[in-house]
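Biologist: Got a minute to walk me through this one? I'd like the main points, in plain words.

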Amino acid sequence: MTRPTIFVCPHCGQALHESQSTAQCSEGHTFDFAKEGYLNLLVAGRLSSSATPGDTPDSLQARRRFLSAGWYEPIATAVQELLHNANGPVLDVGCGEGYYLSHIDADSMYGIDISKKAIQMASKAYPMSQFAVASSYRLPVDDSSCAGVFTVFAPHSFSEYQRVLIPGGTWVTVTPGPHHLKEMRPSRDDTVEEREQRRSEPPEQATQAERLQFTLHLTEEAAVDLFSMTPLRWQTAAQARPVTDVSVDVWIASGTNLM
Ligand SMILES: C[S@@+](CC[C@H](N)C(=O)[O-])C[C@H]1O[C@@H](n2cnc3c(N)ncnc32)[C@H](O)[C@@H]1O
Ligand SMILES: [Zn+2]
């Protein structure tokens, strides 16, 4: 039996019809389901999964350990609350290993990420949701098919959000605020601080933006995991470091598709 899906063929945009082991469009483009159940809808040549320098298997395992221990649960709850009225499919853009999607209670849940390893982990852990390897900037998702779409700390495109949302559909983004994980960051001079501050504002497209701030008192293992799952790990070891008492400061922004 064919499952309904919002995923479409990345070559021609036609609907995908699923059989046991493949999904195929009416033009004959065929995609195999991986053994974990996801589809690879990233078109070769446009972008490769090597475009994700951040996602080593180690950093993905660190993220899974850190998130499943519940340290960022207030963020997951805030996203879930903004989307709980979504009456239809919800899509997580840049879903990573799937933690935030697993908090969403919708008719059907979908996640995409450019990292194959992340999608493998997500698909294995959350078989009730459908996952695909794909780019945020070119979603293999039907026009006007989602009641909700969201992104947590990952690249996203507002024009793609508008295209895939139904009229009245809701989008939510989570982006870092100015003091996010500041205790782990190298100290900087005032000019750099100011520039950071400007970069840490909520998206201008938002009709609503709330700043969520709390302090974590982490175990040493959790501090190392948090450090390893962020770009901080690329900075000079002597400057950036894992610490156990750390500020979380994020913007939870949202808007509606008015088209
Ligand atoms: C910091 S992680 C956040 C993952 C997840 N949302 C979370 O918060 O746990 C950023 C994610 O964005 C993904 N990513 C980076 N560039 C992307 C792109 N162009 N399209 C889709 N995903 C992308 C990475 O593979 C990674 O999983
Ligand atoms: Zn096709």
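Modeller: Sure. Start with helix α6, residues 220–228: its buried residues are Ala223, Asp225, Leu226 and Phe227. Keep in mind that this is a predicted model.

Biologist: What do the buried residues of α6 pack against?

Modeller: They pack against α1, residues 57–68.

Biologist: OK, the sheet. What's the strand order, and is it open or closed?

Modeller: It is an open sheet of eight strands. The order runs β4-β7-β6-β5-β8-β9-β11-β10, with mixed pairing.

Biologist: Which strands stand at the edges?

Modeller: β4 (39–40) and β10 (208–217). Each has a single partner strand, so one side of each has no neighbour in the sheet.

Biologist: And in which sense do β5 and β8 pair?

Modeller: Parallel, over three bridges. β5 covers residues 90–93 and β8 covers 146–152. Within that pair, valine 90 has glycine 148 of β8 as its bridge partner.

Biologist: Which strands does helix α2 touch?

Modeller: Helix α2, residues 73–83, packs on the sheet and touches β5, β8, β9 (165–176), β10 and β11. Its direction makes about 165° with that of β9.

Biologist: What about helix α3?

Modeller: Helix α3, residues 116–125, also packs on the sheet. It touches β4, β6 (109–113) and β7 (130–133), and its direction makes about 170° with that of β7.

Biologist: Now the core. Which residues touch the most other members?

Modeller: The largest nonpolar core has 68 residues. Val79, Val90, Leu91, Ala132, Cys146 and Val149 touch the most other members. Strand β11, residues 245–256, gives the largest share, six residues.

Biologist: Take valine 79. What is it in contact with, beyond its sequence neighbours?

Modeller: Leaving out anything within four places in sequence, valine 79 contacts Tyr100, His103, Phe150, Val152, Val172, Val174 and Ile252.

Biologist: Switching to the ligand. How many residues surround ligand 1?

Modeller: 19, and the closest are Gly94, Gly96, Ser115, Ser136 and Ala154. The shell splits into ten nonpolar, six polar and three charged residues.

Biologist: Last one, aspartate 142. Where does it lie?

Modeller: In the loop between β7 and β8.

Biologist: Why does it count as partly exposed?

Modeller: Aspartate 142 has 18 other C-beta atoms within 10 Å. Buried would need 20 or more, and exposed 12 or fewer, so it falls in between.

Biologist: Which residues is it in contact with, outside four places in sequence?

Modeller: Ile6 and Val8. Valine 8 is 134 residues away along the chain, but the C-alpha atoms are separated by 5.9 Å.

Notes:
Residues are numbered from 1 along each chain as its sequence is written. Chains are lettered from A and ligands numbered from 1 in the order in which they are written. This is a predicted model: local features need pLDDT of at least 70, side-chain atom pairs count only at pLDDT 80 or more; totals for chains, interfaces and linings use all residues. A nonpolar core is a set of buried Ala, Val, Leu, Ile, Met, Phe, Trp, Tyr and Cys residues joined through C-beta atoms within 7 Å. Helices (H or I, at least four residues) and strands (E, at least two) are DSSP runs, numbered from the N terminus. Two residues are in contact if their C-beta atoms, placed from the backbone, lie within 7 Å. Two strands pair if DSSP finds at least two bridges between them. Axes are lines fitted to C-alpha atoms, for helices over the stretch in contact, and angles run from 0 to 180 degrees between N-to-C directions. A residue is near a molecule or strand if its C-beta atom, placed from the backbone, lies within 6 Å of it. Ala, Val, Leu, Ile, Met, Phe, Trp, Tyr, Cys and Pro count as nonpolar, Asp, Glu, Lys and Arg as charged, and the others, Gly among them, as polar.
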